[in-house]
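Okay everyone, thanks for coming. Have a look at the structure on the screen, and I'll talk you through a few parts of it.

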Amino acid sequence: MTKHSSAPTPPVPASQWQSLDTRSREIFRRLVDSYLKDGEPVGSRSLSRILPSTLSPATIRNVMSDLEHLGLIYAPHVSAGRLPTQAGLRFFVDAFMEIGDLGDEERRSIETQIKASGNDTSLEHMLTEASQLLSGMSRGAGVVLAAKSEAALKHIEFIQLEPTKALTVLVSQNGDVENRIIDLPAGVTVSQLHEASNFLNAHIRGRTLAEARTEISRIKEETRAALDSLSQALVEKGLAVWAGAESDLPARLIVRGRANLLENITAQADMELLKNLFDDLETQDGLLQLLNLAEEGPGVRIFIGSENKLFSLSGSSLVVAPYRDAEARVVGALGVIGPTRLNYARIVPMVDYTAQLVSRMLR
């Protein structure tokens, strides 16, 4: 990942970018194309070899000086070639980038994997596969944000691990399975674990977690009469364990391919920035921001570097699209995080098609 510094002069309004003449636009487009391909600064001599017209390096240098003044490119160090600024990349994406379509083979590959993972398995598995798929195809980090759903419950079970610990397994009717470790009251027996499981299963089936908690609270006297004090404590723990801080998060984040972002990083400072990025993403505020970013537009959105505060320090870019349920409500988002020199033209249709397929599987 190439480390970016800020432009030496503040970028000017987009209206002035539009006034660039044909020659300046072509030089800028070729410079950015070369950067997105190789990630290296581009000099005037290199550009003179790839430009279709016969422009001298001196003429190209003059144009590059104008582009630098406009805040579209900058020199990472003295006597180097030029790189696009984040503002320049945004201008390139908006003004020049042609979004292609996926090839038939890529479409079939995505469709095969998403459909296979969505058949007879949990939603969690399908979303994890989608994240892995996006990571593999983009060489970035594939991210999927799965909004917390209040699915109807099917089954709950307590499995004793040791005298003071038990695994609580909660199964929803849509096939999702969640496991949590709970502390057991002193002296709990295996038969009391079964008793608490049976009591809960008799009252939670078909209800959401919130409805189940309300129902157990409503029949509190019946609970006291039916169960001894230890089994009653287990019933309360079995529901309360999902009511803690973790389940209060608006969504869960699935990330695959984080190592891809480290492939071209050598500086410890850059590694710390990436680590902080993922730490921030996994907080409640970070998850809400990510979901809000996807909800704000109807299709794929591109965020480059500091355009969003989540990515301002790491210099990463995000390509993200929402996916929807049967009622066309946005229930999550998926996309790719990578360096600012992502192959946007290829990744945008990839993210878009994957989001469409996931939406289709949820209908």
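So, let's start with β4 and strand β5, residues 165–172: eight bridges join the two, and they run antiparallel. This is a predicted model, by the way, so keep that in mind throughout. If you'd like one pair to look for, take glutamine 160, whose bridge partner in β5 is alanine 166.

Now zoom out a bit. β4 and β5 belong to an open sheet of three strands, in the order β4-β5-β6, with antiparallel pairing. Which are the edge strands? They're β4, residues 153–162, and β6, residues 177–183, and each of them pairs on one side only. On average, neighbouring strands in this sheet are turned by 20° against each other, if you ignore direction.

Okay, on to helices. When two helices pack, people describe them by the angle and the distance between their axes. Here, take helix α2, residues 22–38, and helix α4, residues 57–69: their axes come within 10 Å and cross at roughly 85°. Angles of 65 to 115 degrees count as roughly perpendicular, so that's what we call α2 and α4.

Who meets whom there? From α2 we have Arg23, Ser24, Ile27, Phe28 and Leu31, and from α4 they meet Thr59, Ile60, Val63, Met64 and Leu67. Sort the residues of that contact and you get seven nonpolar, two polar and one charged.

Let's stay with α2 for a moment. It has 17 residues and reaches 24 Å from its first C-alpha to its last, close to the 24 Å expected. Several of its residues are buried, among them Ile27, Phe28, Val32 and Tyr35. And what covers the buried residues of α2? The cover includes α4, but also α3, α5 and α14, as well as β1 and β2. Just after α2 comes glycine 39, with a positive phi of about 75°.

Last stop: strand β9, residues 316–324. Eight of its nine residues are buried, so β9 is largely enclosed by the rest of the structure. Strand β8, residues 301–304, is joined to β9 by four bridges, running antiparallel, and arginine 301 has valine 320 in β9 as its bridge partner.

Then there's strand β10, residues 330–339, which is antiparallel to β9 and joined to it by nine bridges. You can spot tyrosine 323 standing opposite glycine 332 in β10. β9 and β10 form a hairpin with five residues between them, and in the turn alanine 328 has a positive phi of about 65°.

That's my tour, thanks!

Note on methods:
Residues numbered from 1 in each chain as written. Predicted model: local features only at pLDDT ≥ 70, side-chain atom pairs only at ≥ 80, totals over all residues. Heavy atoms only, no water. Pairing = 2+ DSSP bridges. Axes fitted to C-alpha atoms, helices over the stretch in contact; angles between N-to-C directions. Parallel < 35°, antiparallel > 145°, perpendicular 65-115°, else oblique. Contact = heavy atoms within 4.5 Å. Nonpolar A, V, L, I, M, F, W, Y, C, P; charged D, E, K, R; others polar. Expected span 1.5 Å × (residues − 1). Buried < 20%, exposed > 50% of the residue type's maximum accessible area, 1.4 Å probe, protein only.
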